[in-house]
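Colleague: I am new to this model and would like to be taken through a few of its parts, one question at a time.

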Amino acid sequence: MEEMPKTYDPQTQEPELIQKWIDAGCYQRNKGVGDCTVVIPPPNVTGILHMGHAMDDSIQDTFIRYNRMRGRSTRWILGTDHAGIATQTKVDKKLKSEGISRLEIGREKFLDACWDWTHEYGGTIVSQIKRMGCSVDFNDEKFTMSPEFSRAVRRVFCDWYHEGLIYRGKRIVNWCPNCCTAISDDEAEYHDEKGHLWFLRYPLVEPVDGVEYVTVATTRPETMLGDTGIAVSPSDPEKAKLVGAHVMLPIVNREIPIFSDWHVDANFGTGFVKVTPAHDPNDYAMGQTHDLPQINVFDEHAVVVEGYGEFTGMDRDQAREAIVAWFEGHGLLDHIEELDHSVMHCYRCDSALEPWLSEQWFVAVDKLKQRATQVVRDGQIKFHPARWTDTYLTWMDNLKDWCISRQLWWGHRIPVFHCDECGWEDALMEDVDTCPKCGHHVHQEEDVLDTWFSSQLWTFATQGWPDDTSELAEHHPTKVLVTARDIIALWVARMIMSSLYCTDEIPFEDVYIYATILAKDGSRMSKSKGNGVDPMELMDKYGADAMRYNLLTLITNNQDVKFDANIDKKTKKLIDSPRTEQARSFVTKIWNASRFVQMNLDGYVPGAPVAKTAEDAWMLSRLARTVAEATEQLETYNFGDYARNIQSFFWGDVCDWYIELCKGRLLDGTADEKLQVQRNLVYVLDVSMRLLHPVMPFVTESVWDALPASGLDAHDAQFLMVAKWPEPEDLAGFVNEAAEGDFELAKRVISCVRSTRARYRLSPKAELAVAVRCDNNDEKALYGLSSFIRSVGVLTSITVNCPKPIGSTTIIDGGLEVSIELSGVIDISAEVSRLKKELAKAEKELAGVERTLGNDGFVAKAAPAVIEKKRSQQVELTATIAQLKAQIADFS
């Protein structure tokens, strides 16, 4: 057996293992009992790996590897999204840098440029996912613009069109004047901004009871050019007399009516609301009810259109400033107030969105959402954590028709054809040039479909639907969708609606929502802020195992987690990540512990593990319990608990205790004792590597490959990743609660002795006498373990429930009171003197901290972080003083 290298190098080992796994076909779908199919949320084809991807993919790969080892039919589907706006924007910028205009070269050549871009850059994120060790089937990659996927998209559109689920209408949409396309409600991002509330006077055409004008309050004076009404609340009796009157709209001299409508809040502003049906959703609704004209005052770039004199050609900001100046100059600006409000922005370019009246295509969701709501209400689809169920249901209850048309060229072109001659229109699976009704030339819709329209089909269109559904019969519904909370509405809900319609099945059984990863200071990671962490840099510095493991340990029930990393502000490069450094230390611990065992296997012959000693019985019982816990945690998507628990077990129980306790038998035991402890150690390591493999595939594969066969496993699998998961029932016979309880009791006593040695800088070989006080249940166990405790703890004696020795220090550990005699081992008087000096110093520091906190001026002016630090010092010093007093009392 070849000896393991002294050090483990992830930068060498990880890429080599990836290639070995792929070459051996380990990533491809495997047959088994029970299906576990997972689809990867398709990243943008132009994207690069970010921390959200890293978290998502680490979770998915952990789950896939676990299920593969359990012998289930496992399939992980890889693919990318064509990302309409993102890709078109990038290609536009590239062409502009070359002096080329999209409009000049035309649609076909521009689409060629998009495909060229996709082929050149589309594989970047896929290669990065591969570097993480994600065991997806790279030989079966999907793309939302592939011919077969495009056919599925077209089929859904045509079916929905013919069933009246898709319609075209002139409606208010969220328009991005920079991307020049509609954005759905769910894609809009709200930013809190400091703004103003302008109070503008609109003169009445005819005074009413001496009232000559009304004052409207608005956050958007620039849209007043398109006002076609003034609304008041029906619950505002003071304004009732004005209902039916008309005002003369300033600047444009348009007569507009005053009416009452329930949309108006009588307590907002002046109670008079300007109504601009073409530039506000609520105003649009009021306009429909009261039959008001709809006047667009902006073009697609949010520039004032022709017909408005000096204001024509101004953008929104310029028009706002000029219009306010006009009102002020004409004595019609009443006053201005500060107002913080929420403004919609484009999720892609961050431009402020413009509510804009335009003709678009919509999906009538009322006919789709009822069933999609019910399957979640009745538990056919479960959210993890469960609190996201309410988020989904609330959104579904308030769901509005979905705007699916986008004013782009890159994407799935809407397959609707028109004949201008006879008015024929239809949605078709195949392109046509001539009208089937009158024979004249037809033209196709220019717009493309929202990217989410195609990605909603992801679970079934990636598996042959609608042409060949043989794969669906085996792999649909999929098992779990792992995704971010930001797209519960954008993607998850739409996948459920479309899958129920197209396949009559739910798309997945479970939805796992992972935490949002924030920067170290709690802010959102972003390139512009320079606080984003590049997963590739983490892997280059610490290895993929360390990054993956650290990410899983961050998972708790919180919806946001802070990532511990320091970034260079100038270069925006990673300096370090202390938590990932700790994770790398765990990788090193796994390697070193395994290497120690491997180096002490001379004469090893495979055989069954047997509990010959108290530590054996404890270890095998702990191993069996950990297998059961890890299995349950992974079955129920408790990835954070799994990761933390398995480290606690391996580092604490296996390395710090069991291997250490086995060294005596390995080095000085009889031949039979040595062989049995070798068998036990190999078995414990073998099972531990299997438990750790899903989250840390590389180091565990390397260790397992170097291990000989254990007594209960032939070790004949080519790779650990396709070896058998340790089933809880197979280890259930090792569970021994009495052995665990007794050994844990002994560990606590020994730990108290070790901490005392460390505190007083005593040699590990210095023999000590110990007295323990405990309840009657523990007394018998301690007497039974006394020889073990004396041997491991290096003690001259241990007494139970006897008088405390003079000159001893006492440690309280739960129900145990452990007194370690130090008389004759240390200079008691010198130690008391030292402790008293430390006490006096601590009391002086505490007094200073309490004076500072008692100063009202300091508390009022100091930053919250400074005050919190002082309070933490107060707590720490109080605890230190209590500990020092107790130690002094011990020696009195």
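The exchange below takes up a helix, a pair of helices and a single residue in this predicted model.

Colleague: On which side or sides of H8 do its buried residues lie?

Modeller: Helix H8 covers residues 316-329 and reaches 20 Å from its first C-alpha to its last. Its buried residues are Arg316, Ala319, Ile323, Val324, Trp326 and Phe327. Because they cover an arc of only 155 degrees around the axis, they lie on the same side of H8.

Colleague: Which exposed residues does the face of H8 turned away from its buried side carry?

Modeller: The buried residues of H8 have a cover that includes strands E7, E13 and E14. The face turned away from that buried side carries the exposed residues Asp317, Glu321, Glu328 and Gly329.

Colleague: How do the residues of the contact of H16 with H17 divide into nonpolar, polar and charged?

Modeller: Helices H16 and H17 pack at an angle of about 115 degrees with their axes 8 Å apart, and their crossing is right-handed. Among the residues making the contact are Met547 and Tyr549 of H16, together with Ala583 and Phe586 of H17. The residues of this contact divide into 6 nonpolar, 3 polar and 3 charged.

Colleague: Is Ala746 buried or exposed?

Modeller: Ala746 is found in helix H23, and, leaving aside its neighbours within four places in sequence, Ala746 is in contact with Leu785, Phe788 and Ile789. Its relative accessibility is 0%, and buried means under 20%, so Ala746 counts as buried.

Key:
Residues are numbered from 1 along each chain as its sequence is written. This is a predicted model: local features need pLDDT of at least 70, side-chain atom pairs count only at pLDDT 80 or more; totals for chains, interfaces and linings use all residues. Side-chain values use heavy atoms; hydrogens and water are left out. Axes are lines fitted to C-alpha atoms, for helices over the stretch in contact, and angles run from 0 to 180 degrees between N-to-C directions. Helices (H or I, at least four residues) and strands (E, at least two) are DSSP runs, numbered from the N terminus. A crossing is left-handed if the near helix is turned anticlockwise from the far one by less than a right angle, and right-handed if clockwise. Contact means heavy atoms within 4.5 Å. Ala, Val, Leu, Ile, Met, Phe, Trp, Tyr, Cys and Pro count as nonpolar, Asp, Glu, Lys and Arg as charged, and the others, Gly among them, as polar. Buried means under 20% relative accessible area, exposed over 50%, partly exposed in between (1.4 Å probe, protein chains only). The expected span of a helix is 1.5 Å times one less than its number of residues. The arc is that of the directions from the helix axis to the C-beta atoms.
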